Amino acid sequence: MIGRDAELIAIGSELLGPARTDTNGAFLARRLGEAGIAVRFRSVVGDTPGDLEDVLRTALRRSAVIIATGGLGPTIDDLTREAVAAVLDLPLDEDSAVLHELEERYRRRGLAMPPQNRKQAQVPRGAAVIPNPHGSAPGLILRPDGRWLVLLPGVPFEMRAMFDASVAPILPASGGHFASRILKIASLAESEVDHRLDAVARGAAPVEWTILAAPGQVEIHLRERLPVAGGTPGIDRIERECREVLGDHLFGRDEETLEQVVGTRLLARGERVATAESLTGGLIATRLSAVPGASRYFAGGLVCYGDKAKIGLAGVSPDLIARYGAVSAPVAEALAAGARAALATTWGVSATGYAGPDSGPEGPPGTVCLAIAGPNVRRHASLTWPGDRDAIRTRAAQSGLDLLRRAILGDEPA
């Protein structure tokens, strides 16, 4: 009897290097869990035919549902169809409907279809085609020996739309499902979070509990198996207990980001924010402006990387820099106030420091000063972190946003 365990395969040699990671797996694991299908194995394989065939054979021996993403494009290294056909000993047939849709897709854009794209109309015999409304690579579903083998493109927004529209509705029914939640915590180290929540974690069963860390953020991942669709009593209980222990350190959950939480609060209060950034080089502004509708509360940002920019753009006094140094609480506060004044906003947030690898007069790499200026509010934080340049900049942006969030919370009416 075939079980209900799932296996995810991310295909692409680029995923084996340091520059790219598999982001599709987390989405698919969540969606499958919601259907009561547990993911037991996840693997990444390059575009080598032998390796790809080995991974597929292994998955087909041990898993009831296999979802592979990637390798369905038109180029010479897109080999997923060929590997599946070889493993299942199936011929590849040209699907006239798929070919017609490919040709129409290019015609609508006023282009002739490149010959290479004809490859995307090749379908292992007996496979069902999954339409791709956002791209040229159709997906495929096969049922070898009663198992589910689903092939989807690797482009995340294409894959997600195709899974939700065409795959999720036909997956085998379950008597239960997995519910999951991510609790997001700022301004505490992983070890400190673990210590504070020790009693909560020990009493979490039967909910599964995992703690993970990222620069400037700690996450609690919870998963609960439920017999029927409905509420999540175990997860809800644990979230309440975490909030009781952590207070406003717990800033969001699931897909919420710190910049979204900040934006929601600013919007609710009818307030606006501006940034003045040195070592972060605009990262705080980038994160704020990435949220849809951010123009309603984000006025803009000043990148004040050098002292002349701090003086000329943000109006920081040269005497203040000479007296305290560019990386100092007084200069950080002046930058925040300068951004607020320059762009006529309710709040200003700033970041200055040394991201490395070089030290500065005020400290070693990782020395960071953040500040907030608001209505009758001036706050700063002077911090020193380990890590490389990217990690320090990322953590500084995260901490600057959290300092702003806390300033807004502290200024909330009772």
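1. In this predicted model, A68 stands opposite L151 in β8, a contact that belongs to the parallel pairing of strand β3 (residues 65-69) with β8 over 5 bridges. Strand β8 itself spans residues 148-152 and is mostly covered, with 5 of its 5 residues buried. The burial applies to both directions in which the side chains point, since W148, V150 and L152 go one way from β8 and L149 and L151 go the other way, and all are buried.

2. On another pairing of β8, strand β7 (residues 139-142) runs antiparallel to β8 over 3 bridges, and I141 stands opposite V150 in that arrangement. The two strands β7 and β8 form a hairpin that leaves 5 residues between them, and within the turn D145 has a positive phi of about 55°. A colleague inspecting the backbone may wish to look at D145 with that value in mind.

3. Turning to the N-terminal part, strand β1 (residues 6-11) pairs with strand β2 (residues 39-45) in the parallel sense over 6 bridges, and the bridge partner of A6 in β2 is V39. Together with helix α1 (residues 24-34), β1 and β2 make a right-handed β-α-β unit.

4. Helix α1 also matters for the description of the largest pocket, whose volume is about 970 Å³. Of the 30 residues lining this pocket, A26, A29, R30, I182 and H221 are the closest to its centre. The elements α1, β2, β9 (177-186), β10 (208-214) and β11 (217-226) each supply at least two residues of the lining, and α1 gives the most, with 6 residues. By class, the lining of the largest pocket divides into 11 nonpolar, 7 polar and 12 charged residues.5. The second largest pocket holds about 420 Å³ of space, and of the 26 residues that line this pocket, those closest to its centre are E14, R20, G70, G154 and V155. Two or more residues of the lining come from each of β1 and α5 (156-167). By class, the residues lining the second largest pocket comprise 8 nonpolar, 11 polar and 7 charged.

6. The largest nonpolar core has 32 residues, of which V273 and W347 touch the most other members. At least two residues of this core are supplied by each of α9 (258-269), α10 (283-289), β15 (347-353), β16 (367-374) and α14 (389-410), and the largest share, 8 residues, comes from α14. Apart from this core lies another one, of 21 residues, among them I9, L52, L72 and L142. In soluble globular proteins, nonpolar side chains tend to be buried together.

7. Strand β16 is mostly covered, with 8 of its 8 residues buried. The cover extends to both faces of β16, with T367, C369, A371 and A373 buried on one side and V368, L370, I372 and G374 buried on the other. Strands β15 and β16 pair in the antiparallel sense over 6 bridges, and in this pairing V349 stands opposite I372 in β16.

8. Strand β16 also pairs with strand β17 (residues 377-384), in the antiparallel sense and over 8 bridges, and the bridge partner of G374 in β17 is V377. The hairpin of β16 and β17 has 2 residues between the strands, and N376 takes a positive phi near 60° there.

9. E271 lies in the loop between α9 and β13 (273-277). Is this charged residue buried or exposed? E271 counts as buried because its relative accessible area is 12%, which falls under the 20% cut-off. From C-alpha to C-alpha, E271 and T345 are 7.4 Å apart in space, while in sequence they are 74 residues apart.

10. For the chain as a whole, the secondary structure comes to 14 helices and 17 strands. The C-alpha atoms fill a box of roughly 75 × 55 × 40 Å, taken along the principal axes, and buried residues make up 49% of the 414 residues in the chain.

Key
Residues are numbered from 1 along each chain as its sequence is written. This is a predicted model: local features need pLDDT of at least 70, side-chain atom pairs count only at pLDDT 80 or more; totals for chains, interfaces and linings use all residues. Side-chain values use heavy atoms; hydrogens and water are left out. Two strands pair if DSSP finds at least two bridges between them. Helices (H or I, at least four residues) and strands (E, at least two) are DSSP runs, numbered from the N terminus. A crossover is right-handed if, with the strands pointing away from the viewer, the path from the first strand over the helix to the second runs clockwise. A nonpolar core is a set of buried Ala, Val, Leu, Ile, Met, Phe, Trp, Tyr and Cys residues joined through side-chain atoms within 4.5 Å. Buried means under 20% relative accessible area, exposed over 50%, partly exposed in between (1.4 Å probe, protein chains only). On a 1 Å grid over the protein atoms alone, a cavity is a set of points where a 1.4 Å probe fits but cannot get out, and a pocket is an open set with protein on both sides within 12 Å along at least five of seven lines; lining residues have an atom within 4 Å of a point. Grid points are joined across faces, edges and corners, and a volume is the space filled by probe spheres set on the points. Ala, Val, Leu, Ile, Met, Phe, Trp, Tyr, Cys and Pro count as nonpolar, Asp, Glu, Lys and Arg as charged, and the others, Gly among them, as polar.
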